[in-house]
Amino acid sequence: MPANKILIVDDEQVIVRLLSMSLKSDGYETFSAFSGEEALDVFKEHAPDIVVTDIKMPGMDGLELLKKIKELDPEKEVIIVTGHGDIDSTITALQFGASDFINKPVRDEALAIALDRAKTKISIREQLASYTHDLEEKVAEATREIRRKSNFQRLLIHSSHDAIVAFDQDWQIVVYNPEAAKIFEKKPGDVLGKMTIDELYTPELAQYFRKEAENKANDRDMPWQEMTLETRSKKKIPVRYATNVLHEKKEFMGIVNFFQDLTEIKRLEKELIQSERMAAVGQTVSGLAHYVKNILIGLKGGSYVVDVGLQNNNMEKLTTGWLTIKKNIKRVADLTQDMLTYSKERKPEAELCFPNEIVDEVVDLVTDFAASHNIHITKICDPELGEMVLDPRTIHRALLNLVNNAIEACLELEEENKKFVVEISTKKGDDGSAVFAVKDNGIGMDEETRTKLFTPMFSSKGGKGTGLGLLVTKKLVEEHGGTIDIDTSLGYGSVFTMRLPEQPGDSRNGNNKG
Amino acid sequence: MSKKVLVVDDDPDVRSFVVTVLEENRYTPLVACDGVEGLEMIQKEKPDLVILDVLMPRGSGIRLYRQLKTDDALKAVPVIMFTGIALRSFLKSQKALEEFKGEKVPEPDIYLEKPVEPQELVDAIKKKI
């Protein structure tokens, strides 16, 4: 707002009126006073921006008025009107803070210049004040924003479900949130700014992240991975973790580690698998009843035939009946074994073994039976697949199950003159695992059968299968960390491929294993 | 001359049991291992009665049963269904087949669920021949 209000003070009323008229015509709003005392009252009432006052007045003179006004408001401009050559008063007035002075008689041009100067001073002061105020506002706003953001980040890190640990360029810990404290079991107060990576992590882990920092030029090229974290207090925790190596202008700034504690998830997963297995056993009951009934039919029939043989002293009947009974006893034994294997958790017992030799054993077991049904068994063993640390029992049972299924698949295909072949092959996988494939040209499966294949008590054998065979096979293979894949086509046959990775955790010395 | 009874079943244990029961009761046993063999045997040997399993490879007992009952020369041969499948399931499949094929066949003369005592089987046979 431009300075526009002027107070004119002189004990000579004519001068006041003349100046007043002249200034009004220039567009100012003017107030008049004829003494120092009156001027002070008008000043207090109207707060003019500029005061033009004669220095010599009866009563309160111009200097006194100047002092009073400056006391009231130092921002106001006061122009002193002096007599010609009154140098002393002029200097005193300037010392008291007068903004300017003009000589009597007051000429319009001189007054105009003095007023302009006063107005310029006021305007500069106002702008300065406004800038200063704005600047203060802006600094305050920026400070609030920074505080807000920093609080937000602090809360974010604090409340994160991930454990976050960050190190600066000297590997000092600068971020360490409550989740991190849960994992590493050290209070934030003892860690933040007090420990380095070597004091929080095990030497192996610290070394690992130092290497990562050296190797990684980019900030975000390390995806989430899983590992078992070992703390310095020897606690082992399964975690998912991710690492960001931080750079600023290509300078290493530090590194952030994120950890997710998987203990609970792993426990739940385990529980889930166990309960699914139990549910499967439950569903199994009706299917089992059917299978057990078939066994019972065999046993009852067999014992009747034996009775008849005993009564008639008929050796042939005795033999037939007794074979039936023995066969069905074996079915009960197999079923019991399948059920136990399926419902119990079992750790593979790995030892040094030759996978190809196990294939030989299995082939020996089934060749005669297969031949009696015109099914030819062949094997193609990869000589590269030498001695490996695997669980031979897993291989034996899984392979025998798959081969028996392959034979059944051939028996089911009702083609009189087809040359049925079950081919068992081995090879060394690209990842070093042992790969076994069982291929048949039997009946194969349609999509529906294939998808139901690993569901409990699904049997395509019409009550002649336990419905557990493939489930048991799959479970054995998975416990061994392996996989099982199926490629099948209805009417043309199936290929079951089983991959078993070598068991790294176990001793290579198989002698101490039962 | 003793009467001829054909047993059609893929399970050798069941066959040896039924054959023994038949011999002990002075019938002449005939055996077939599946539906196709069963039909050939019926046409060739003209048995007085057929004991028929339901679930078998190569032409199930269901198919053979329908073949017999829709063949004018053979429909008079009495059939005992002898199976592990519950009668309810069997009739349900029959009903579905009837709707599908648009032909109705009579229910089996006698339906026996395995396992049975030898005497039950004998009683069933005696009811028919």
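Where in chain A is the place of Pro105(A)? Pro105(A) sits in the loop between strand 5 (100-103) and helix 5 (108-159) of chain A. The peptide bond leading into Pro105(A) from Lys104(A) is cis. This is a predicted model. Chain A holds 15 helices and 17 strands. Its radius of gyration is 51 Å, well over the 24 Å that the globule rule gives for 514 residues, so chain A is more spread out than a compact globule. Chain B carries an open sheet of 5 strands with parallel pairing.

**Overall form of chain A**

- The C-alpha trace of chain A spans about 165 × 45 × 40 Å along its principal axes.
- Of the 514 residues in chain A, 41% are buried.
- Take the contacts in chain A with a separation of 6 or more: 63% of them come from residues 24 or more positions apart.
- The exposed area of chain A is about 29,000 Å², and carbon and sulfur atoms supply 54% of that area.

**Strand 6 of chain A**

- Strand 6 (residues 163-168) of chain A is mostly covered, with 6 of its 6 residues buried.
- Both faces of this strand are covered. Ala163(A), Val165(A) and Phe167(A) are buried on one side. Ile164(A), Ala166(A) and Asp168(A) are buried on the other.
- Strand 6 of chain A runs antiparallel to strand 10 (residues 251-261) of chain A, and 6 bridges join the two.
- In that pairing, Asp168(A) stands opposite Gly254(A) of strand 10.
- Strand 6 of chain A also pairs with strand 7 (residues 173-176) of chain A, in the antiparallel sense and over 3 bridges.
- Here Phe167(A) stands opposite Ile173(A) in strand 7 of chain A.
- Strands 6 and 7 of chain A form a hairpin with 4 residues between the strands. Trp171(A) in this hairpin takes a positive phi near 65°.

**The parallel sheet of chain B**

- The strand order in the open sheet of chain B is 2-1-3-4-5.
- Its edge strands are strand 2 (28-32) and strand 5 (110-113) of chain B, and each pairs on one side only.
- Neighbouring strands of this sheet are turned by 20° against each other on average, direction ignored.
- Strand 4 (residues 79-83) of chain B pairs with strand 5 of chain B in the parallel sense, over 4 bridges.
- Thr83(B) stands opposite Glu113(B) in strand 5 of chain B.

**Cis peptide bonds**

- In chain A, the bond from Lys104(A) to Pro105(A) has omega near -10°.
- In chain B, Lys114(B) and Pro115(B) are joined by a cis peptide bond with omega about -5°.
- Pro115(B) lies in the loop between strand 5 and helix 5 (118-128) of chain B.

**Positive phi in loops**

- Lys234(A) is not a glycine, yet has a positive phi of about 70°.
- The loop that holds Lys234(A) runs between strand 8 (225-230) and strand 9 (236-248) of chain A. Lys234(A) is exposed, at 65% relative accessibility.
- Asn313(A) is not a glycine either, and its phi is positive at about 55°.
- Asn313(A) lies in the loop between helix 10 (263-312) and helix 11 (315-343) of chain A. Its relative accessible area is 69%, so Asn313(A) counts as exposed.

**Cysteines**

- A search of the whole structure finds 0 disulfides over all chains.
- Cys353(A) is in no disulfide, and the nearest cysteine sulfur, that of Cys381(A), is 13 Å away.
- Cys353(A) counts as buried, at 8% relative accessibility.
- Why is Cys33(B) without a bond to Cys410(A)? The sulfur of Cys410(A) is the closest cysteine sulfur to that of Cys33(B), but at 19 Å it is too far for a bond.
- Cys33(B) is partly exposed, with a relative accessible area of 29%.

**Two buried helix residues in chain A**

- Leu63(A) is in helix 3 (residues 62-72) of chain A. It is buried, with a relative accessible area of 15%.
- Not counting residues up to four places away in sequence, Leu63(A) touches Ile55(A), Ser89(A), Thr92(A), Ala93(A) and Phe96(A).
- Leu63(A) and Glu141(A) are 78 residues apart along the chain, and their C-alpha atoms are separated by 44 Å.
- Asn401(A) is found in helix 13 (residues 392-412) of chain A. Asn401(A) counts as buried, at 17% relative accessibility.
- Beyond its neighbours within four places in sequence, Asn401(A) is in contact with Gly469(A), Val472(A) and Thr473(A).

Conventions:
Residues numbered from 1 in each chain as written. Chains lettered and ligands numbered in written order. Predicted model: local features only at pLDDT ≥ 70, side-chain atom pairs only at ≥ 80, totals over all residues. Heavy atoms only, no water. Pairing = 2+ DSSP bridges. Axes fitted to C-alpha atoms, helices over the stretch in contact; angles between N-to-C directions. Disulfide = S-S within 2.5 Å. Buried < 20%, exposed > 50% of the residue type's maximum accessible area, 1.4 Å probe, protein only. Rg over C-alpha atoms; globule rule 2.2 N^0.38 Å. Contact = heavy atoms within 4.5 Å. Areas by Shrake-Rupley, 256 points an atom, 1.4 Å probe, with all protein chains shown as cover.
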